[in-house]
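Biologist: Could you walk me through this one, bit by bit? I'll ask, you reason it out.

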Amino acid sequence: MKTPQNLKTRVHEVDICVIGGGIGGMLTAISAARHGARVALMHDRPVLGGNASSEIRMWISGAGTRVRDLQETGIMEELQLENMYRNPKRNFSIWDSILYEMVRFEPNIELILNCTCNAAKTQGSAIKSVTGFQLTTYTWHEVSAKIFVDSSGDSILAPLTGAAYTVGREAKSEYGEEFGLDTADRHTMGMSILLQCRETDSPVSYTPPAWAYDFPTDDAMNNKPHNIYAINTNFYWIELGGMQNSIDDTEEIRDELLKIAFGVWDHIKNHGDHGAENWELEWVGFLPGKRESRRYVGDYVLTQHDVENCPRFADTVAYGGWQIDNHLPGGFHMDAKGGKHLQKRRLSEPYSIPLRALYSKNIDNLMFAGRNISASHIAFSSTRVMGTIGVIGQAVGTAAAIAVRHQLLPRDAAKTKIAEIQKALMDDDCFLPGFCREPSSLAQAAVLTADYGDPSALLNGMDRRIWGNDNGYFGKTNKAITYTFDSYTQINGVRLVFDSDLDREYTDGNPDALHTSSSMFFPKSYNNTSFGFPKCLIKHYKIEVMDNLGQWSTKIEVFDNHQRFIVHELNMMAKAVRLIPLSTYHSERKTEDYGSSTAHIFNFEIF
């Protein structure tokens, strides 16, 4: 492709180039950078987060939303806790800033916002570079890399490189899926526009635009659910595009969705008693949230059998657990009575996602992390949610960085370095069904004791409650847990995993609004609602080291911890190392912790 001579071109040479800055692309870039790779993240919007950003405002759902004990950890939980701690009212501007901060200030990442990827250079079956146009600076950005990761959602690198992909719904004969069709088609799930509304102290009138659709009755609105006082009401059903081309027709679909959206609010305000007299329309999304378009084809295609029967793949790098949640292509035009516009089936346990489903079968250095992974339409209806996409992103970023480190292509890394990839993911607090993390040899060789209780669970390799087992150590604040060595020993660092209440059982506030955002509807009571923070998380702790003379000294003290997973570097010699969770009492206030004097810890490990 030739670029106009009167416009600038910036050239970037990195190890890994990520296209798309939604949740999947963000976590791909962050994890790759943290594992030492030089990363460029090219994103076509001014804000990060994709469907979770302020432009669309869908909250992050995942396996833990539907199946107990399966909340996603790793970078995903780091992000959620940061938002819960700093953004108690779930303000979307603050949320956008947290997403921006996590990428922009991560060493090893070049963030290229407002830049649309529109060209690629290939050589044989490999991508050499991609080019995007940055609208804000009228600058072309050309990025050369060893591995490219497409997290664009619409799989832009597929048409630009010839990577194999598929669109639509498969026939039963393709994979033998129960929910497959008699005859395959190219229909997809649609895209939605969301609304936010707020209750005020006095009546608020509403006059719809002349171009909005008129829905005088519930039947005219196809009986879609619209009780503004229902928990987690949102307008997912303002959905179109499944019967059209979900890429080529996006502008036309958006126009129709806006007519429906303003017409729906007119129905709620002006047609029948919906209890909405004092409610006002606060926000309308003008960028539709897209569910489905192109899906890449990898060495493995995940199917309905995999998400329901949960086989354990040798190359497992991520997991899902959201229900089969297939929005039928008719979208808004389908009657909602009896849920006929949806095809659902709940899952009872997590399913594994293999690395073979996350790289291209015919483009050697192309990986993908998003709603575009190698999956059938039915399996995709579960994998598409952002919590699952996030752990896929961390897996892809980690695998790509390890491949670059060993000068391997993704397929070769999947074959020869899968144990290293899985270890890195589990070390970084990612859960892999069917796998157990191996504690460090140094921790296993030391003598582990506690001033209170039995600390042995700290080294069982499972850093969460799962399958009926707590897997944690219950101690008390101000009571030490100690590693003692036979001799003066080199200690490189300490790994900690605290209980952050993954099921959000002991967190104040609205239990259905603890993550990215809250309900689309804000009653007046929400004005006094803070959405809470996990009471059980340890806020204040210190790490002490014993020297060769038997003297203890504090090397690390953290007063304001708000994360579950922490790694501290020590790089020193020691006879013993101990962790002391602290709770400091004052006469003016009960305690400095988040509300619990119990120290529930999944891992305290020296390495």
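Biologist: Let's start with charges. How does aspartate 255 count, as buried, partly exposed or exposed?

Modeller: Bear in mind that this is a predicted model. Aspartate 255 has 36% relative accessibility, and the in-between class runs from 20% to 50%. So aspartate 255 counts as partly exposed.

Biologist: Which residue forms a salt bridge with aspartate 255?

Modeller: Look for the nitrogen partner here. The closest N and O atoms of the pair are 2.9 Å apart, inside the 4 Å cut-off for a salt bridge. The partner of aspartate 255 is arginine 254.

Biologist: How many salt bridges does the structure hold?

Modeller: Some of them share partners: Lys423, Asp427, Arg437 and Glu605 are joined into one network that way. The count for the structure is 38.

Biologist: How many residues apart in sequence are the parts that arginine 34 and glutamate 106 tie together?

Modeller: Their side chains meet in a salt bridge, 3.2 Å from N to O. Arginine 34 is partly exposed at 40% relative accessibility, whereas glutamate 106 is buried at 15%. Arginine 34 sits in helix H1 (residues 23–34) and glutamate 106 in the loop between helix H4 (92–104) and strand S4 (109–112), so the tied parts are 72 residues apart in sequence.

Biologist: And which glutamate does arginine 68 form a salt bridge with?

Modeller: Arginine 68 is exposed, with a relative accessible area of 51%, and its partner is partly exposed at 37%. The closest N and O atoms are 2.8 Å apart. That partner is glutamate 505.

Biologist: How many residues apart are arginine 68 and glutamate 505?

Modeller: Arginine 68 is in the loop between helix H2 (63–66) and helix H3 (75–86). Glutamate 505 is in the loop between strand S23 (481–498) and strand S24 (521–522). The pair links distant parts of the chain, and the separation is 437 residues.

Biologist: On to the inside. Which helix gives the most to the largest nonpolar core?

Modeller: That core has 88 residues, and Ile16, Val39, Val130, Leu157, Leu355 and Met367 have the most contacts inside it. The top contributor gives 11 residues and spans residues 386–405: helix H10.

Biologist: How many residues does the other core have?

Modeller: That core lies apart from the largest one. Among its members are Phe485, Tyr541, Val545 and Ile556. Its size is 32 residues.

Biologist: How do H1 and H10 sit relative to each other, roughly parallel or roughly antiparallel?

Modeller: The two helices pack at an angle of about 30 degrees, with their axes 7 Å apart. H1 passes H10 in a right-handed crossing. On the H1 side, the meeting residues include Ile23, Gly24 and Leu27, and on the H10 side they include Met386, Ile389 and Gly390. Angles under 35 degrees fall in one class, so H1 is roughly parallel to H10.

Biologist: Alanine 33 lies in H1 too. How does alanine 33 count, as buried or exposed?

Modeller: Setting aside neighbours within four places in sequence, alanine 33 is in contact with Val39, Glu106, Pro107, Asn108 and Ile109. Its relative accessibility is 3%, and the cut-off is 20%. So alanine 33 counts as buried.

Biologist: How many of the 10 residues of helix H12 are buried?

Modeller: H12 covers residues 418–427 and is largely enclosed by the rest of the structure. Its buried residues pack against strand S16 (316–320), H10, helix H11 (410–416), S23 and strand S27 (565–582). They are Ile418, Ile421, Gln422, Ala424, Leu425, Met426 and Asp427, so the number buried is 7.

Biologist: Which residue takes a positive phi just after H12?

Modeller: The angle is about 75 degrees. Valine 497 has this residue among its contacts, along with Asp463, Arg564 and Phe565. The residue is aspartate 429.

Biologist: Last one: how far apart in space are valine 497 and serine 173, C-alpha to C-alpha?

Modeller: Valine 497 has its place in strand S23 and counts as buried, at 0% relative accessibility. Along the sequence, valine 497 and serine 173 are 324 residues apart. In space, the C-alpha separation is 46 Å.

Technical notes: Residues numbered from 1 in each chain as written. Predicted model: local features only at pLDDT ≥ 70, side-chain atom pairs only at ≥ 80, totals over all residues. Heavy atoms only, no water. Core = buried A, V, L, I, M, F, W, Y, C linked by side-chain atoms within 4.5 Å. Buried < 20%, exposed > 50% of the residue type's maximum accessible area, 1.4 Å probe, protein only. Helix = DSSP H or I, 4+ residues; strand = E, 2+ residues; numbered from the N terminus. Axes fitted to C-alpha atoms, helices over the stretch in contact; angles between N-to-C directions. Parallel < 35°, antiparallel > 145°, perpendicular 65-115°, else oblique. Left-handed = near helix turned anticlockwise from the far one by under 90°. Contact = heavy atoms within 4.5 Å.
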